[in-house]
Amino acid sequence: MFEKLLKEIYNKNNKYEFYKIEDQEVNVAEERMGYLFPPMLKQFYSEVGYGFIKGSPSFINRIMTPSDVADFMCGDEEYQYVDKSIYNEYGMVFFHISGEDFLTIELYGDNEGAIKYFDEVIAVDFVEFIEKMMNDPNYFI
């Protein structure tokens, strides 16, 4: 599903920095949170991993590790400073833009699977999000 991105990563395109993860890390994070990752994000973790989409000197643009997502969703120490009330209760934070700015993926409801920047849908699903980010990592700003 993510062949284009994988091809660019393997060709040592310096726009991307991704790291493989074991499926067990996903399973442990799901167990901690008490719910499953959306299927496309879970497949991305399996095929690609986690890491950075470079292209902006101002933003981190990091697809978070499963354990970081669980830390955020469970309110662990590292993310205590973030005002979680600004994020939709139906969303799972998965992408760190910078500072206290994150993107969410909707877990259920009318926009299930959609990627949101606060309340704005910026991609209908995870695949569209990755494709848009590959073309312009600042497209939603």
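What percentage of the 141 residues in the protein do buried residues make up? In this predicted model, buried residues account for 45% of the 141 residues. The protein contains five helices and seven strands, and from the N terminus on its elements follow the order α-β-α-α-β-β-α-β-β-β-β-α.

**Overall dimensions and surface**

- For 141 residues, a compact globule would be expected to have a radius of gyration near 14 Å, and the protein, with 14 Å, agrees with that expectation.
- The C-alpha trace spans about 40 × 35 × 30 Å along the principal axes of the protein.
- The accessible surface of the protein amounts to about 7,400 Å², and carbon and sulfur atoms contribute 48% of this surface.
- Among the contacts in the protein with a separation of 6 or more, 51% are between residues 24 or more positions apart.

**The sheet and its pairing**

- Seven strands form an open sheet in the order 1-2-3-4-5-6-7, and their pairing is antiparallel; strand 1 (16-19) and strand 7 (120-123) are the edge strands, each of which pairs on one side only.
- Strand 2 (residues 50-53) pairs with strand 3 (residues 62-63) in the antiparallel sense over two bridges, and Gly 51 has Ile 63 of strand 3 as its bridge partner.
- Strand 3 also pairs with strand 4 in the antiparallel sense over two bridges, and here Ile 63 stands opposite Phe 95 in strand 4.
- Strand 4 and strand 5 run antiparallel and are joined by six bridges, with Glu 106 in strand 5 serving as the bridge partner of Gly 91.
- The hairpin formed by strand 4 and strand 5 has two residues between the strands, and Gly 99 in the turn has a positive phi of about 50°.

**Surroundings of strand 4**

- Because eight of the eight residues of strand 4 are buried, this strand is largely enclosed by the rest of the structure.
- Helix 4 (residues 66-74) lies across strand 3, strand 4 (91-98) and strand 5 (101-106), and runs at about 110° to strand 4.

**Lys 116, a buried lysine**

- Lys 116 belongs to strand 6 (residues 115-117), and it counts as buried because its relative accessibility is 7%, where the cut-off for buried is under 20%.
- When residues up to four places away in sequence are not counted, Lys 116 touches Asn 88, Leu 103, Thr 104, Glu 106, Asn 111, Val 121 and Ile 122; one of these, Glu 106, is the residue in strand 5 that is the bridge partner of Gly 91.

Methods
Residues numbered from 1 in each chain as written. Predicted model: local features only at pLDDT ≥ 70, side-chain atom pairs only at ≥ 80, totals over all residues. Heavy atoms only, no water. Helix = DSSP H or I, 4+ residues; strand = E, 2+ residues; numbered from the N terminus. Buried < 20%, exposed > 50% of the residue type's maximum accessible area, 1.4 Å probe, protein only. Contact = heavy atoms within 4.5 Å. Pairing = 2+ DSSP bridges. Axes fitted to C-alpha atoms, helices over the stretch in contact; angles between N-to-C directions. Rg over C-alpha atoms; globule rule 2.2 N^0.38 Å. Areas by Shrake-Rupley, 256 points an atom, 1.4 Å probe, with all protein chains shown as cover.
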